[in-house]
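Thanks for sharing this one. Here are a few notes on its charged side-chain pairs, in numbered points.

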Amino acid sequence: MYSIKSRLVNALTVIIGAILLVVFLSLDFILDAWVDKQFDEALIEKSNYFKSLIEVESDEIEFEYHKGFMPQFERKEDAEFFQIWSDNKTFAKSESLAFFNDADLKYKDVPTHESRIFKLKLPDGSMGKAISARFQPQLSSEMDPNDIKYIGTMHLTLAISNQKVTNILLFADLSLLFVFLTTIFGMRMVIINVVDRELESLSLLNKEISELDANAIQIKDNPKESQEIAPIRRELNRYLDLNAKIIANEKRLSSDIAHELKTPIAELISLSEMNIRFPDDIRISATYKEDVLSISNNMKNIVNQLMMLNQSGSKSFSLTQQSVQPYPVVEMVMSELAFKYPEIKDRVLLTSPFHLPAVHADKFCMEVIIKNLLDNALFYSTKGSSISVFLCVDNSQNNVVLCLSNHSGIALTQENIDHLLQPLYQVDRSRTNTERHGLGLSIVKNLCEINSFSLETTYKTETNEISFTVSFPLIPVKI
């Protein structure tokens, strides 16, 4: 199990942290490069300045350096150094070198009028940078170039400590690191607070769910919740509503089952008490066994239908798809119902195309569906009225359609139509007929669902004609 909050906070921290890291590293590199460039330019400017102090006068080279104007070349602490060579001999060097055993600076040989910057350790032990340059001294303004036969090249090395610059850059790096870490920490705190505030509605929803009891109808709306949480609350309320309907239906089903069984049980008890009380009464004893058998068969019929209802609604119901001819199945069902309805052949009008293709379905389920629909139509239709059974092919849907229509003996309301397929539902609330239990159509509905058959119910108020339409597939379907 993982935490959405932790993942979200960590992901945002890593992403934003990576962006800030790239920005700060780029800033650090740019700053270092800029400082190095400025330091190098300062070295070049100073070296050029020293070159400008050297002039050729009357075949002599003069170095017009004046003490006191650049004290950094004359002191021991925080000193800077220079050394000039002419003909491979020291021509001049800064007084600051005298404080360190009159040390000499290193010189990097370069072409004339060029220079080279390099790192080195200064005489005072600190790290710094130096520039070595090779140049020809300039002529004095009073000198005629034609009078000069030859001017040799000179070498200059100028060394300056970069320790202060390094310390400043180090301080800048530490400052950037501090800002980076502070920003990451502050940003993480902000993200945590924002996520906590946004997930507050989810926590409230979770609390409300934990407080639900068996009588809960729905979870109250929270006007402050986010758009992402609202669908969850809506679906939970839909589930609670569906669950409440299921519980109400189960209660109704339990009550109806008890009512259906109560009548035959009461008849058995009453019949047995009368037989015990009046054992010699020929009117009771003569038909006692047959009455008990009839009541028992009625109870058996109720139990069998309830078991069929339970099996038809179970996912473990075994199905065997095979090629079945619809027309012979309808004729077989009519033959089975002939003992119950002797006038069935006169009342049922079976219509079918001459060449009706076979369907792929479970034959047992198909027989039960047609039998229950036809039995229901024969029993509840107007006495002596005709019942239409029409078979046809729907090529657009690859189905064979069975449409069974009859005229209802009583007018039905929309409420009756909506509840017809519910278990143990009867239009006659008083349940005066002990042979009908309201299970046939609910079994049909369950069998159609597990076989993926289409079932439609239509009712015409003007003529009280009710129709049931079942579509059987011509090709095998995945169940």
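1. In this predicted model, Lys-46 and Glu-80 meet through their side chains in a salt bridge, at 2.7 Å from N to O. Lys-46 belongs to helix H1, while Glu-80 sits in the loop between strand S2 (60-63) and strand S3 (81-86), so the pair ties together parts that are 34 residues apart in sequence. The two partners fall into separate accessibility classes: Lys-46 is partly exposed because its relative accessibility is 24%, whereas Glu-80, at 14%, is buried because the cut-off is under 20%.

2. Helix H1 (residues 4-52) also supplies Asp-40, whose partner Lys-129 lies in strand S6 (residues 127-135), 89 residues apart. This salt bridge has its closest N and O atoms 3.1 Å apart. Do have a look at Lys-129 itself: with 9% relative accessibility, this lysine counts as buried.

3. Further along the chain, Lys-371 and Glu-336 form a salt bridge, with 3.8 Å between the closest N and O atoms. Here the pair ties together two helices, H9 (residues 363-380) with Lys-371 and H7 (residues 326-336) with Glu-336, across 35 residues in sequence. Both ends are partly exposed: Lys-371 has a relative accessibility of 34%, and Glu-336 has 35%.

4. A network is worth a glance too: Arg-75, Asp-78 and Lys-164 are joined into one by salt bridges that share partners.

5. For the overall tally, searching the whole structure gives 15 salt bridges. The pairs discussed above, including Lys-46 with Glu-80 and Asp-40 with Lys-129, would be a good place to begin browsing.

Conventions: Residues are numbered from 1 along each chain as its sequence is written. This is a predicted model: local features need pLDDT of at least 70, side-chain atom pairs count only at pLDDT 80 or more; totals for chains, interfaces and linings use all residues. Side-chain values use heavy atoms; hydrogens and water are left out. A salt bridge is a side-chain nitrogen of Lys or Arg within 4 Å of a carboxyl oxygen of Asp or Glu. Helices (H or I, at least four residues) and strands (E, at least two) are DSSP runs, numbered from the N terminus. Buried means under 20% relative accessible area, exposed over 50%, partly exposed in between (1.4 Å probe, protein chains only).
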